[in-house]
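Colleague: I'm new to this one. Could you show it to me and let me quiz you on why things get the labels they do?

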Amino acid sequence: MEQLTKKERLVMDILWNSNTALSASEINESYQDLNINTVQQVLRHLLNTKFIEVDDIIFNKKSLTRTYKPIISQAQYINAFINQKSR
């Protein structure tokens, strides 16, 4: 399993701690130190590496937006690196 960068880990922590799927703008609102473009770039990379998936497409104000949810749990991610280090 690929190790997450600091920004990827931050976005994943927001998704892991949420009870619902979140859009890029909702993730950005949760942690405003990240630019919305950075959040979108991180989400694209997490999609490509199969850490998250698109949950739904919803109306957000006047536009359609995707919501994302994690495929891999926080425990699975941590355990993958504990098992690698113990080898």
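**Labels and the reasons for them**

Modeller: Sure, and keep in mind that this is a predicted model. Let's start with a pair of strands: β2 and β3 (residues 63-70) run antiparallel and are joined by eight bridges.

Colleague: What makes β2 and β3 count as paired?

Modeller: Pairing takes at least two bridges between two strands, and β2 and β3 have eight, so they pair. For instance, I52 has P70 as its bridge partner in β3, and E53 has K69.

Colleague: How do you know that β1 and β3 pair?

Modeller: Same kind of check. The cut-off is at least two bridges, and β1 and β3 have two, in the antiparallel sense, so the pairing holds. In β3, T67 is the bridge partner of S23.

Colleague: What is the order of the strands in the sheet?

Modeller: It's an open sheet of three strands, in the order β1-β3-β2, with antiparallel pairing.

Colleague: Why are β1 and β2 said to stand at the edges?

Modeller: Each of them, β1 (22-23) and β2 (52-60), has a single partner strand, so one side of each has no neighbour in the sheet.

Colleague: Which helices pack on the sheet?

Modeller: One of them is α1 (residues 6-16), which touches β1, β2 and β3, and its direction makes about 90° with that of β3. Helix α3 (residues 36-48) packs on the sheet too, touching β2 and β3, with its direction at about 135° to that of β2.

Colleague: And where does K61 come in?

Modeller: K61 belongs to the hairpin of β2 and β3, which has two residues between the strands, and K61 takes a positive phi near 65° there.

Colleague: Back to the helices. Why is α1 called roughly perpendicular to α3?

Modeller: Their axes cross at roughly 85° and come within 10 Å. Angles of 65 to 115 degrees count as roughly perpendicular, so that is the label α1 and α3 get.

Colleague: Which residues meet there?

Modeller: On the α1 side they are K7, E8, V11 and M12, and on the α3 side T38, V42, L43, H45 and L46. That contact divides into five nonpolar, two polar and two charged residues.

Colleague: Now the rings. How many aromatic pairs are there?

Modeller: The count comes to two aromatic pairs. In one of them, the ring centres of W16 and Y77 are 6.0 Å apart and the planes are at 40°.

Colleague: What makes the pair of W16 and Y77 tilted?

Modeller: Planes under 30 degrees apart would be stacked and over 60 edge-to-face, with the rest tilted. The planes here are at 40°, so the pair is tilted. W16 sits in helix α1 and Y77 in helix α4 (residues 74-85), 61 residues apart, and the pair links these distant parts of the chain.

Colleague: Why is the pair of F51 and Y77 called edge-to-face?

Modeller: The angle between their planes is 65° and their centres are 6.1 Å apart. Over 60 degrees counts as edge-to-face, so that name fits. F51 lies in the loop between α3 and β2, while Y77 is in helix α4, so the pair ties together parts 26 residues apart in sequence. Ring pairs link W16, F51 and Y77 into a cluster.

Colleague: How do you know whether F51 and Y77 are buried or exposed?

Modeller: Buried means under 20% relative accessible area. F51 has 2%, so F51 is buried, and Y77 has 5%, so Y77 is buried as well. W16 is also buried.

Colleague: And how much of the chain counts as buried?

Modeller: That's 31% of the 87 residues. For the overall picture, the chain has four helices and three strands, running α-β-α-α-β-β-α from the N terminus on. The C-alpha atoms fill a box of roughly 50 × 25 × 20 Å along the principal axes.

Key:
Residues are numbered from 1 along each chain as its sequence is written. This is a predicted model: local features need pLDDT of at least 70, side-chain atom pairs count only at pLDDT 80 or more; totals for chains, interfaces and linings use all residues. Side-chain values use heavy atoms; hydrogens and water are left out. Contact means heavy atoms within 4.5 Å. Axes are lines fitted to C-alpha atoms, for helices over the stretch in contact, and angles run from 0 to 180 degrees between N-to-C directions. Rings of Phe, Tyr and Trp (its six-membered ring) pair if their centres lie within 6.5 Å; planes under 30 degrees apart count as stacked, over 60 as edge-to-face and the rest as tilted. Buried means under 20% relative accessible area, exposed over 50%, partly exposed in between (1.4 Å probe, protein chains only). Angles under 35 degrees count as roughly parallel, over 145 as roughly antiparallel, 65 to 115 as roughly perpendicular and the rest as oblique. Ala, Val, Leu, Ile, Met, Phe, Trp, Tyr, Cys and Pro count as nonpolar, Asp, Glu, Lys and Arg as charged, and the others, Gly among them, as polar.
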